[in-house]
Amino acid sequence: MKRQVIGTLGALIAPAVAGAMFMASPANAAVAAKAAPAAALRCHASMNNNRPKDYTSIYVNVGTIRYAGVTTVAHYKTVNRKHTGTANAQGNARIRYRISGATPGYRVNVSVTVTWGSSRGTCSTSFIPHR
């Protein structure tokens, strides 16, 4: 009789334990939701002048969504320059760079990151300074 009771209990408990192993706890569900990639934001960048003279100002023109944060980094030959701004109500931002003493003929790549909440997008442009 004891063996029959133990066998019956084992048959009833085993499926419940196995099912519990596969159920997601609320904590696991929250981690899975945070791990999901955020939607990529639209990002388009261009220079107002691709061949600026030394000691002039140029602008990185960025198109994205309205009021997105905009970060640009110009990768010069010897240094990186970071500038930030915010897109306007039409989703446009204009980030100013002053060209002074840049290596003539060296292509300066400008990487752009736009952010809105947990969403982000990236794009790039470049310019080649001359004397």
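**Figure 1. Tyr67 is found in the loop between strand 2 and strand 3.** The model shown in this and the following views is predicted. The backbone angle phi of Tyr67 is near 65°, a positive value in a residue that is not glycine. Tyr67 has a relative accessible area of 42% and is therefore partly exposed, given that the partly exposed class lies between the buried limit of 20% and the exposed limit of 50%.

**Figure 2. Tyr55 occupies the loop between strand 1 and strand 2.** For Tyr55, phi is near 65°, again a positive value in a residue other than glycine. Tyr55 counts as exposed because its relative accessibility is 53%, and exposed residues are those over 50%.

**Figure 3. The protein combines two helices with seven strands.** Along the sequence, the elements follow the pattern α-α-β-β-β-β-β-β-β. The protein has 131 residues, of which buried residues make up 27%. The strands are shown in two sheets: an open sheet of three strands and an open sheet of four strands.

**Figure 4. Three strands form an open sheet in the order 1-2-5.** The pairing in this sheet is antiparallel. Strand 1 and strand 5 stand at the edges with a single partner strand each, so one side of each has no neighbour in the sheet. From one strand to the next, the twist averages 20°. In general, the strands of a sheet pair through backbone hydrogen bonds, in either a parallel or an antiparallel manner.

**Figure 5. Strand 1 and strand 2 (residues 56-63) pair over four bridges.** The two strands pair in the antiparallel sense. His44 has Gly63 of strand 2 as its bridge partner, and Ser46 has Asn61 of strand 2 as its bridge partner. The side chains alternate along strand 1: Ala45 and Met47 point to one face and are buried, whereas His44 and Ser46 point to the other face and are not buried.

**Figure 6. Four strands form an open sheet in the order 4-3-6-7.** The pairing in this sheet is antiparallel. Strand 4 and strand 7 are the edge strands, each of which pairs on one side only. With direction ignored, neighbouring strands of this sheet are turned by 20° against each other on average. Within the sheet, strand 3 and strand 6 (residues 108-116) run antiparallel and are joined by seven bridges. The bridge partner of Gly69 in strand 6 is Thr115.

**Figure 7. A disulfide is formed by Cys43 and Cys123.** The count for the model is one disulfide. The sulfur atoms of Cys43 and Cys123 are 2.0 Å apart, and a disulfide requires a pair of cysteine sulfur atoms within 2.5 Å. The torsion about the S-S bond of this pair is about -45°, so the disulfide is left-handed. The pair links distant parts of the chain, with Cys43 in the loop between helix 2 (26-35) and strand 1 (44-47) and Cys123 in strand 7 (residues 119-127). Cys43 and Cys123 are 80 residues apart. Both Cys43 and Cys123 are buried.

**Figure 8. The largest pocket holds about 190 Å³ of space.** The lining of the largest pocket consists of 13 residues, and those nearest its centre are Tyr76, Val79, Arg81, Ser100 and Ala102. The lining residues divide into five nonpolar, five polar and three charged. At least two lining residues are supplied by each of strand 4 (80-86) and strand 5 (92-99). Strand 5 gives the largest share of the lining, with three residues.

**Figure 9. Val79 is one of the residues nearest the centre of the largest pocket.** Val79 is found in the loop between strand 3 (69-75) and strand 4. With a relative accessible area of 31%, Val79 is partly exposed. Ala102 also lies among the residues nearest the pocket centre. Val79 and Ala102 are 23 residues apart in sequence, and their C-alpha atoms are 9.7 Å apart in space.

How values were computed
Residues are numbered from 1 along each chain as its sequence is written. This is a predicted model: local features need pLDDT of at least 70, side-chain atom pairs count only at pLDDT 80 or more; totals for chains, interfaces and linings use all residues. Side-chain values use heavy atoms; hydrogens and water are left out. Buried means under 20% relative accessible area, exposed over 50%, partly exposed in between (1.4 Å probe, protein chains only). On a 1 Å grid over the protein atoms alone, a cavity is a set of points where a 1.4 Å probe fits but cannot get out, and a pocket is an open set with protein on both sides within 12 Å along at least five of seven lines; lining residues have an atom within 4 Å of a point. Grid points are joined across faces, edges and corners, and a volume is the space filled by probe spheres set on the points. Ala, Val, Leu, Ile, Met, Phe, Trp, Tyr, Cys and Pro count as nonpolar, Asp, Glu, Lys and Arg as charged, and the others, Gly among them, as polar. Two strands pair if DSSP finds at least two bridges between them. Axes are lines fitted to C-alpha atoms, for helices over the stretch in contact, and angles run from 0 to 180 degrees between N-to-C directions.
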